[in-house]
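Subject: A structure to look at, with notes

Dear colleague,

I am handing over a structure that you may like to have open while you read. Below it I have set out what was found, going from the whole chain to single contacts.

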Amino acid sequence: MERQSQWIPPAPPAPLTEPVVSAPPPYQQRRKTLRERVLGPILVAGALLLKFGKAGLLLATKAKFLATSGSMLVSVAAYALIWGWTFAVGFVALLFVHEMGHYIQLRREGVKPSGMLFIPFLGAVVGTRSLGGSALAEARVGLAGPVLGTVGCLVTAGIYLATGNEFWKALAFTGFFLNLFNLLPVLPLDGGRAMAAMAPWMWFVGFGAMLALLFIAPNPILILILIFGGMETYRRWKQRKAGSEGNAAYYSVKPIHRLAVGAVYVGLLVLLGVGMDLTHLARTFSDA
């Protein structure tokens, strides 16, 4: 009997008298104070600026160059679909020379341009918040593009005379036409800028001429010029008595200066017209 009692299973342990401590509740995020919410992002941004500031500054300085060069390449590719790569490169180069005229004159007027952007089939534009602070400065900036653009066309015409290669003749003709078209007295074209100092009422004459040209030779580019030009002309004419760019005497131009702007304007018209006539290259469908 004693031997059997040794195999009796032990009694179960007595129940615990102390309460069982439950597991800790899941982590609950403490609501940040206003100071922490405001200063936190600033401190993080400051740390990132200290770490990557040099690289960001370098990228910012190169952003304008990347935008200009990238849009130039896109324009070359677009024009190449029509004229081929060589002519497309030459045409965009003439556009660049034209826009550099505006860019240089803006700097001469004390204005820092924001950059240059090329838009396929619409040309190019130099970004700026001011045109010099007066109608005379606006006219100088507007005419500087065709002036330098004409010089570029004369260079290509000179290369044609030296080589006899009709490629340069065709390129010169296209450049002469481009600069002559820009002298139409319509905003925002260069001719419209010149009219701001000569005779603002000529904006309406130019607008009417463009409208007539649209009926004669419909073109989507002309439609865009008429839309934006009409809006700009209406705005400028409505506000002309109040001046522009915070200058009430914006349109006050001395007669001698009006005469000078008119002489340059007419001189460009004659020179570009003669250039187009001398570089005209007759083409037929069999030449394509």
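Please keep in mind throughout that this is a predicted model.

Where helix 4 and helix 6 come together, Ala 135, Leu 136, Glu 138, Ala 139, Gly 142, Leu 143 and Pro 146 of helix 4 meet Asp 190, Arg 193, Ala 194, Ala 196 and Ala 197 of helix 6. Sorted by class, the residues of this contact are eight nonpolar, one polar and three charged. Helix 4 covers residues 135-163 and helix 6 covers residues 190-198, and the two pack at an angle of about 150 degrees with their axes 7 Å apart. Because angles over 145 degrees count as roughly antiparallel, helix 4 is roughly antiparallel to helix 6. The crossing of helix 4 with helix 6 is left-handed.

To place this contact in the whole, it may help to step back to the protein chain, whose secondary structure comes to nine helices and two strands. Read from the N terminus, the order of the elements is α-α-α-β-β-α-α-α-α-α-α. The chain has 288 residues, of which 34% are buried, and among its contacts between residues at least 6 apart in sequence, 66% join residues at least 24 apart.

One residue of helix 6 deserves a closer look, namely Arg 193. Is Arg 193 buried or exposed? Its relative accessibility is 17%, and because buried means under 20%, Arg 193 counts as buried. Leaving aside residues up to four places away in sequence, Arg 193 touches Leu 131, Glu 138, Ala 139, Gly 142, Leu 187, Pro 188, Glu 232 and Arg 236.

Two of those partners, Glu 232 and Arg 236, are among the buried residues of helix 8, as are Leu 222, Ile 225, Leu 226, Gly 229 and Thr 233. Helix 8 runs over residues 220-238, and its 19 residues reach 27 Å from the first C-alpha to the last, close to the 27 Å expected. What covers the buried residues of helix 8 includes helix 4, helix 5, helix 6 and helix 7.

Helix 4 also packs against helix 3 (residues 85-108), here at an angle of about 145 degrees and with the axes 7 Å apart. This crossing is right-handed. By class, the contact of helix 3 with helix 4 has 10 nonpolar, nine polar and one charged residues. Among the residues that meet there are Leu 94, Val 97 and His 98 in helix 3, and Arg 140, Val 141 and Gly 142 in helix 4.

A further neighbour of helix 4 is helix 9, and these two pack at an angle of about 25 degrees, with their axes 11 Å apart. Because angles under 35 degrees count as roughly parallel, helix 4 is roughly parallel to helix 9. Helix 4 passes helix 9 in a left-handed crossing. The residues that meet include Leu 136, Ala 139 and Leu 143 in helix 4, together with Val 261, Tyr 265 and Leu 268 in helix 9. This contact has 11 nonpolar, two polar and no charged residues.

Helix 9 itself spans residues 255-279, and its 25 residues reach 36 Å from the first C-alpha to the last, close to the 36 Å expected. Val 261, Gly 262, Tyr 265, Leu 268, Leu 272, Gly 275, Met 276 and Thr 279 are its buried residues, and what covers them includes helix 4, helix 5 and helix 6.

With best wishes

Methods:
Residues are numbered from 1 along each chain as its sequence is written. This is a predicted model: local features need pLDDT of at least 70, side-chain atom pairs count only at pLDDT 80 or more; totals for chains, interfaces and linings use all residues. Side-chain values use heavy atoms; hydrogens and water are left out. Axes are lines fitted to C-alpha atoms, for helices over the stretch in contact, and angles run from 0 to 180 degrees between N-to-C directions. Helices (H or I, at least four residues) and strands (E, at least two) are DSSP runs, numbered from the N terminus. Angles under 35 degrees count as roughly parallel, over 145 as roughly antiparallel, 65 to 115 as roughly perpendicular and the rest as oblique. A crossing is left-handed if the near helix is turned anticlockwise from the far one by less than a right angle, and right-handed if clockwise. Contact means heavy atoms within 4.5 Å. Ala, Val, Leu, Ile, Met, Phe, Trp, Tyr, Cys and Pro count as nonpolar, Asp, Glu, Lys and Arg as charged, and the others, Gly among them, as polar. The expected span of a helix is 1.5 Å times one less than its number of residues. Buried means under 20% relative accessible area, exposed over 50%, partly exposed in between (1.4 Å probe, protein chains only).
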